Amino acid sequence: MIYWLLFWTFFQAGAFSFGGGFGMISIIRDQVLSHGWLTEEELLNIIAVAESTPGPIAVNIATFVGAEQAGLLGSLLATLGIVLPSFIIILIIAAFAGRLMKYAPVQAFLGGIRPCVVGMILAMSAILLLQQTLDLGSVYDALAPDLRAMILLSGLFVIAAFYRRLTKKHPSPIVMILISAGLGMLFYGM
């Protein structure tokens, strides 16, 4: 039963979300929390690890959650579930892409989806920011600012701004992740 549920849950997330892995996070979050598979804090930790490991974030999250709930087979089924819809859609698009993109309804559909994707990514970013810095999980929670998280986030902004001012380029995401990991170890201990 858990195997089917993992596959189906992540299949739905893969089929009904647009905008790549970050667009899927809000759907995955709702599903994982509603099934009681992880706590909010455990999910945030998995998101942090998934973001800093190679590969698409949604695939990494599905793999971690599947492994946590049902071992190796659970991780394989959750991963298959999240990837299969995109695989099928890409096969269909690849077969008909040139012809499909010429149609006004297809262009209108894609034009309508873009703002939704941006909104989902911004909403999830705001939720993660509030949870991480203010420990605010819902509107019913009291504010409990995490000073270390606020200092770490501010420090990363300062480092990125300083680097951009000196080099006129954005800092490498890899370097920023490594700096963040180092500051996290320093602020939160090993």
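This is a short dialogue on reading confidence, exposure and surface patches in a predicted model.

User: Happy to start with confidence. What is the mean pLDDT of the protein?

Analyst: Good place to begin! The mean pLDDT is 86, and 95% of the residues reach 70 or more.

User: Which elements have the lowest and the highest mean pLDDT?

Analyst: Helix H5 (residues 104-134) has the lowest, at 81. Helix H1 (residues 2-15) has the highest, at 94.

User: Now the surface. How do I read Glu68: buried or exposed?

Analyst: The general idea is a cut-off: exposed means over 50% relative accessible area, and buried means under 20%. Glu68 has a relative accessible area of 53%, so Glu68 is exposed. You will find Glu68 in helix H4, which covers residues 57-100.

User: Which residues gather with Glu68 in a patch of negative charge?

Analyst: Glu41, Glu42 and Asp135 join Glu68 in that surface patch.

User: And which residues form the nonpolar patch on the surface?

Analyst: Val83, Phe87, Ile88, Leu91, Ile92, Phe96, Leu100 and Tyr103 make up the nonpolar patch, and together they have about 730 Å² of accessible area. Take Phe87, which is located in helix H4. Values between the two cut-offs count as partly exposed, and Phe87 belongs in that class because its relative accessibility is 48%.

User: Where is Leu80 found, and how does its accessibility read?

Analyst: Leu80 is in helix H4 as well. With a relative accessible area of 42%, Leu80 is partly exposed.

User: How far apart are Leu80 and Ile179 in sequence and in space?

Analyst: They are 99 residues apart in sequence, and their C-alpha atoms are 33 Å apart in space.

Key:
Residues numbered from 1 in each chain as written. Predicted model: local features only at pLDDT ≥ 70, side-chain atom pairs only at ≥ 80, totals over all residues. Heavy atoms only, no water. Patch = residues over 30% accessible without salt bridge, like charges linked within 9 Å, V, L, I, M, F, W, Y side chains within 5 Å. Areas by Shrake-Rupley, 256 points an atom, 1.4 Å probe, with all protein chains shown as cover. Salt bridge = Lys/Arg side-chain N within 4 Å of Asp/Glu carboxyl O. Lys, Arg positive; Asp, Glu negative; His and termini not counted. Charge placed at Lys NZ, Arg CZ, Asp CG, Glu CD. Helix = DSSP H or I, 4+ residues; strand = E, 2+ residues; numbered from the N terminus. Buried < 20%, exposed > 50% of the residue type's maximum accessible area, 1.4 Å probe, protein only. pLDDT = per-residue confidence, 0-100.
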